[in-house]
Amino acid sequence: MTPLSPVDFLRRAGDVWPQAPAVSDVSGARLTYAELRGRADRLADAIRGAGVERGERVAVLAHNGHVLLESHFGVPGAGAVLVALNTRLGPDEYAYILEHSESRVLIVDPAHLPMIESILPALSTQPAIVLIGRDYESWLSGSSGPGMQPPDEENDLIAINYTSGTTGTPKGVMYTHRGAFLNALGDTLTFRLGPESVYLWTLPMFHCNGWCFTWAITAAGAHHVCLPRPEPAQVLAAIAEYRVTHLCGAPVVISSLATHPQAGQARFPWGVRAAVGGAPPAPQVIENAERMGMEILHLYGMTETYGPSLVCEPQGDWAAEPLRRRAELSARQGVRTAVVRQVRVVDPAGEDVPRDGATLGEIIVDSATVMAGYFRDEAATAESLRGGWLHTGDLAVMHADGYIEIRDRAKDIIISGGENISSVEVEHVLLDHPGVADAAVVAVPDERWGEVPVAFVTRAQGSEVSEEELIEHVRSRLARFKSPRRITFTDLPRTATGKVQKGVLRERGRSAHRD
Ligand code: ADP
């Protein structure tokens with residue numbers, strides 16, 4: 001049987017649309033599909049030339065741009081596994097991931113080089129450092145060989161994506177060529193992509209490989225337009241300049257556009273589809289987006305499902321509903337995409353909850369687009385995939401029309417601006433401070449970010465450590481967005497068995513955050 005691989009998407013796009021625009025970086029670079037394919041071919045040769053073997057890892061630390069995009073093809077086209085690193089992490093997190101993934105090569109942009117150089121001496125695995133713009137270009141021009149080759153085995157790994165799970169350390173979610181191929185095609189169908197589409201990269205490509213849109217846009221032969229970060233003025237300008245038709249992001253990305261002073265004049269009469277995920281879009285977001293001429297499509301997924309696995313598929317008769325009702329219907333996470341076999345909402349006994357829009361259960365997923373497991377963590381893999389179903393840790397209800405709606409989360413993570421924060425990870429860092437005896441971190445709702453972390457801390461005896469000092473301490477160790485917005489010094493409420501009552505703290509955090 002012929003193995004499935006997204007590497008073939010770029011080989012085909014290079015054959016079919018050689019002169020069509022493949023990728024434009026707003027900073028300047030523009031490549032046709034023939035050129036993008038050529039660069040990915042040379043990257044594959046360079047990686048093989050560096051002695052990287054089948055299944056070994058190659059990490060990339062870069063903002064959205066053609067280098068990160070071509071890595072999604074060149075790295076797996078050499079039989080290697082891509083580790084696309086979040087650009088907002090701290091030194092300890094990069095050290096952990098590079099070591100855990102045993103990355104042989106790290107392709108890095110100059111802005112991140114000083115941080116990487118500071119952690120290299122302590123690493124037991126020493127990746128070869130390839131600096132983008134300098135070493136990288138000479139590396140590509142000096143390479144020769146057969147170019148990208150799809151794998152012989154479709155279940156070979158294509159990528160490992162590190163995400164903050166419910167434990168203290170990041171977990172490496174393993175993607176296969178087969179799973180990525182299928183989810184990318186699911187994306188093209190769900191989002192109605194074609195060769196005439198122009199896709200603006202407002203979602204980081206390092207986040208679940210851009211929810212597999214790195215591969216999906218290429219499969220469609222559409223035009224990738226890259227922005228290093230989703231800065232609202234630049235996003236609005238890029239939409240107008242390139243006549244963008246599609247973009248994705250957390251709801252905060254869309255609301256920051258709608259509330260930007262320049263949005264007042266922004267109208268996109270050719271129609272822009274914006275897919276949002278990571279949190280449900282508030283009615284206000286939908287209303288504001290529609291005013292600008294954007295149609296919102298609501299997606300749900302997680303790193304463990306290669307990104308999107310549910311879509312709030314709009315039904316024909318919704319269009320006639322008043323805006324408020326439409327917003328309510330669209331805020332639901334929806335139904336499975338074409339590539340997902342089954343999604344259920346089950347009670348603790350594993351029985352489907354009734355379709356009453358009220359009974360809470362956990363969302364579980366059975367799909368060829370569920371991860372192969374967590375890299376080098378069999379216990380966590382077995383727990384997450386028990387009974388052959390991915391357990392999402394998301395609590396939802398099932399509506400009469402078969403649409404799923406999330407109401408709560410059973411897992412201890414905080415989702416801020418679409419990024420996961422493990423409360424345990426932040427607690428460990430707080431506890432590592434000599435002035436801290438006890439610490440708990442919870443999510444509180446936030447209008448802009450969806451949720452933000454706040455901490456409750458018991459000081460060590462005699463300590464007078466301040467809120468500012470502790471926030472600075474967390475910032476020096478972890479990504480800035482993980483640092484608590486507020487720290488309350490208090491004794492922690494515990495259950496009879498000694499477990500921190502996070503529900504109580506969440507309530508307290510909520511009222512304090514409102515004041
Ligand atoms: P994502 O890119 O979807 O944010 P993560 O793995 O970082 O992926 O986070 C996954 C979690 O985010 C889900 O388990 C769920 O709790 C939350 N999530 C994702 N999409 C939605 C959504 N549309 N509505 C509500 N919560 C969501």
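These are my notebook entries on the domains, the ligand site and the salt bridges of this structure.

**Entry 1: the domains**

I began by reminding myself that this is a predicted model. Next I looked up how the protein is divided, and I found domain 1 (1-229), domain 2 (340-409) and domain 3 (413-514). I chose the pair of domain 1 and domain 2, whose C-alpha centres lie 29 Å apart.

**Entry 2: where domain 1 meets domain 2**

How many residues of domain 1 are in contact with domain 2? I counted 15 on the domain 1 side, and they touch ten residues of domain 2. Together the two domains bury about 1100 Å², and 64% of that is on carbon and sulfur atoms. Which three residues supply more than any other three of the area that domain 1 buries here? They are His-100, Lys-171 and Met-174, with 45% of it.

**Entry 3: polar links across the interface**

I then searched the interface of domain 1 and domain 2 for salt bridges, and the rule finds one. I looked up Arg-376 and saw that it pairs with Glu-102, with 2.6 Å between the closest N and O atoms. I also noted four residue pairs in polar contact between domain 1 and domain 2.

Which helices and strands build the domain 1 side? Helix 4 (91-101), strand 7 (157-163), strand 8 (171-176) and helix 7 (177-190) each give at least two residues. Strand 8 has the largest share, five residues. Sorting that side of domain 1 by class, I wrote down five nonpolar, six polar and four charged residues.

**Entry 4: around the ligand**

I moved on to the ligand and found 19 residues surrounding it. The closest are His-298, Gly-301, Thr-303, Asp-394 and Lys-411. Two of these I checked atom by atom. Thr-303 has a polar side-chain atom 2.8 Å from a ligand oxygen, and Lys-411 places a polar side-chain atom 2.6 Å from an oxygen atom of the ligand. Gly-278 uses its backbone: one of its N or O atoms there lies 3.0 Å from a nitrogen atom of the ligand.

**Entry 5: salt bridges in the whole structure**

My last search covered the whole structure and turned up 28 salt bridges. I picked out Arg-37 with Asp-41, where the closest N and O atoms are 3.7 Å apart. The cut-off is 4 Å, so this pair counts as a salt bridge. Why are Arg-37 and Asp-41 separated by about one helical turn? I worked it out from helix 2 (residues 33-49): they are about one turn apart because they sit four residues apart in that helix.

Methods
Residues numbered from 1 in each chain as written. Predicted model: local features only at pLDDT ≥ 70, side-chain atom pairs only at ≥ 80, totals over all residues. Heavy atoms only, no water. Domains from an automatic or database assignment. Contact = heavy atoms within 4.5 Å. Buried area = accessible area lost by both parts, 1.4 Å probe. Salt bridge = Lys/Arg side-chain N within 4 Å of Asp/Glu carboxyl O. Polar contact = N/O pair within 3.5 Å; in protein donor to acceptor, adjacent residues only side chain to side chain. Nonpolar A, V, L, I, M, F, W, Y, C, P; charged D, E, K, R; others polar. Near = heavy atom within 4 Å.
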